[in-house]
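Good morning, colleagues. Please take a moment to look at the sequence and the structure on the screen before I begin.

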Amino acid sequence: TMTGSLGRVLRESAQTALSFIRSQAQALEIDPEFFAGADVHVHIPAGSIPKDGPSAGVTIAVALTSLLTACPGGDKTAKKQPPKPAADKPAPPTTRAAKKASSAPVARPVDPLLGGERGLDHIGVVVDDLAAARAAYTKLGFSNPQPGRLPNGIKNVNFYFGDSTYLELLTTYDDKKAAGVASFARKHKRGAMFFVLVARSFQRTAAFLRRAGVPVGRPFPGRIKSPGFSGNRTMWHTYFFADPKPLPQDPFFFITYRPSLRAYLLRKLRDPKIRAKSFTHANGAVGLLATYLVTTNLAKTSATYRKIGLAKQRPASLTSFEARAQRVVAGAGELVLLQPMKEGKGRTAAFVKRRGDGAIIGLTIAVEDLAKAKAIVDEALGRKTKVETGLFGKSIWIPPKDAFGTWLELTQPASPPRP
């Protein structure tokens, strides 16, 4: 639909822009079904001067592409006019080719693994009693639990945050369909099993990994049945490392959301009323910052993450866990690798002994006000928690016995996470 002050040529330019985007839907990772079930409305406001001419076509194409892929064009994207001829040379013929405009490239680096997406997306904590886990986390100040049921045999409760990340508590309703989760539950009963990195394109991420010599499997379509979502359309694709697995316990996989769904969710996050209703928590939680993994060989594991494409790293130490650490940047989040300083001593060593090399020991969630969050947690636990200095600032740690098998850190960072 096109409305407003459009001349004939400008209307043709808008139609051509939309036709071009539709023809390039696969390359742009736009769901082809979107065009069958939705209407795109282009409106050019009326002004004192009627609008006409072909030069707006590229601008409309860029705007529509940005909208449908949820990928901002960037402040360096603009229409660039061809250079003017020198005064002593005759002007070239006035043809459509001579007046053809071009787009300046986006001056923003995009890492080849994630394609400019935010990286750390969510963390899955397997529980043996979903109702009890939901009640425990709600008591810790996490609000607006969203229950769901997936076709792959998993049922879950998600706590969504204002930076588009979320915490997933999950169990199975069909052990055969969800064999991996069922096996984890039988062996460990409860605890963080995996984390997920969101990437913009599974084709590009898979191609990058294969070039690096890291095998990946085919993508699996996914969807969820919950109060907020319905229908049978694919909502995302997940893809996993193939054998031989590059990391022990295979702790993470990738997800790529349907672009129109991703754009819809990001628009919801910008709505103050929706944020207050669905993404605000009593303890002030605003987003996932990090996940922590144990390793028996910090140098080797760090090198593997570099090979995968997470090359931005720096060493650290986590005194409260008696561990040497390597902080691995994963988009807007971090993966923290922990190796015990002394074999057999400390939280990290005890966890390695119990769960083995490569397991996820904990996670960090940012809060707006640590004092407020601490008061809620202290009341829930019936005891005082200790304020410590963590990797992201002052924080409190909730032990596994109170967080269903995982160390849970709440911290107040200097800069809160953003979508």
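I shall begin with the overall composition, then turn to one sheet, and close with the aromatic side chains.

Please bear in mind throughout that this is a predicted model. The protein has 419 residues, and 47% of them count as buried. Its secondary structure comprises eleven helices and 20 strands. About 21,200 Å² of the protein is exposed, with 56% of that area supplied by carbon and sulfur atoms. As for contacts between residues at least 6 apart in sequence, 67% of them join residues at least 24 apart.

Let me now turn to the sheet. In what order do the eight strands of the open sheet lie? The order is β14-β15-β16-β13-β17-β20-β19-β18, and the pairing is mixed. Two strands stand at the edges, namely β14, residues 313-318, and β18, residues 388-390. Each has a single partner strand, so one side of each is left without a neighbour in the sheet. From one strand to the next, the twist averages 35°.

The mixed pairing can be followed strand by strand. Strand β13, residues 285-294, and strand β16, residues 333-340, run parallel and are joined by five bridges. Within this pairing, Val294 has Leu338 in β16 as its bridge partner.

At the β18 edge, the direction is antiparallel: three bridges join β18 to β19, the latter covering residues 393-398. Here Glu388 stands opposite Ser395 in β19. How many residues form the hairpin connection between β18 and β19? The hairpin passes through two residues. Strand β19 also runs antiparallel to β20, residues 407-411, and four bridges join these two strands. One bridge partner in this pairing is Leu408 in β20, which is matched with Ile398.

I come now to the aromatic side chains. The count of aromatic pairs, with ring centres within 6.5 Å, comes to 19. I have selected two of them for closer attention.

In the pair formed by Tyr137 and Phe142, the ring centres are 5.8 Å apart and the planes meet at 45°, so the pair is tilted. Both Tyr137 and Phe142 are buried.

The other pair is Phe241 with Phe254. Is this pair stacked or edge-to-face? The ring centres are 5.8 Å apart and the planes stand at 75°, so the pair is edge-to-face. This pair links distant parts of the chain: Phe241 belongs to the loop between β11 (236-239) and β12 (252-257), whereas Phe254 lies in strand β12, 13 residues apart from it. Phe241 has 3% relative accessibility and therefore counts as buried. Phe254, with a relative accessible area of 1%, is buried as well.

Phe241 and Phe254 also belong to one aromatic cluster, together with Phe195, Phe202, Tyr239, Phe252 and Tyr305.

Finally, there are charged side chains placed over rings. Which residue lies over the face of Tyr173? It is Arg149, at 3.7 Å from the ring centre. Similarly, Arg327 lies over the face of Phe392, at 4.9 Å from the ring centre.

To summarise, I have described an open sheet of eight strands with mixed pairing, and an aromatic cluster that includes Phe241 and Phe254. Thank you for your attention.

Conventions
Residues are numbered from 1 along each chain as its sequence is written. This is a predicted model: local features need pLDDT of at least 70, side-chain atom pairs count only at pLDDT 80 or more; totals for chains, interfaces and linings use all residues. Side-chain values use heavy atoms; hydrogens and water are left out. Two strands pair if DSSP finds at least two bridges between them. Axes are lines fitted to C-alpha atoms, for helices over the stretch in contact, and angles run from 0 to 180 degrees between N-to-C directions. Rings of Phe, Tyr and Trp (its six-membered ring) pair if their centres lie within 6.5 Å; planes under 30 degrees apart count as stacked, over 60 as edge-to-face and the rest as tilted. Buried means under 20% relative accessible area, exposed over 50%, partly exposed in between (1.4 Å probe, protein chains only). A charge sits over a ring if NZ of Lys or CZ of Arg is within 6 Å of the ring centre and within 35 degrees of the ring normal. Contact means heavy atoms within 4.5 Å. Accessible areas come from the Shrake-Rupley method with a 1.4 Å probe; for residues, only the protein chains shown count as cover.
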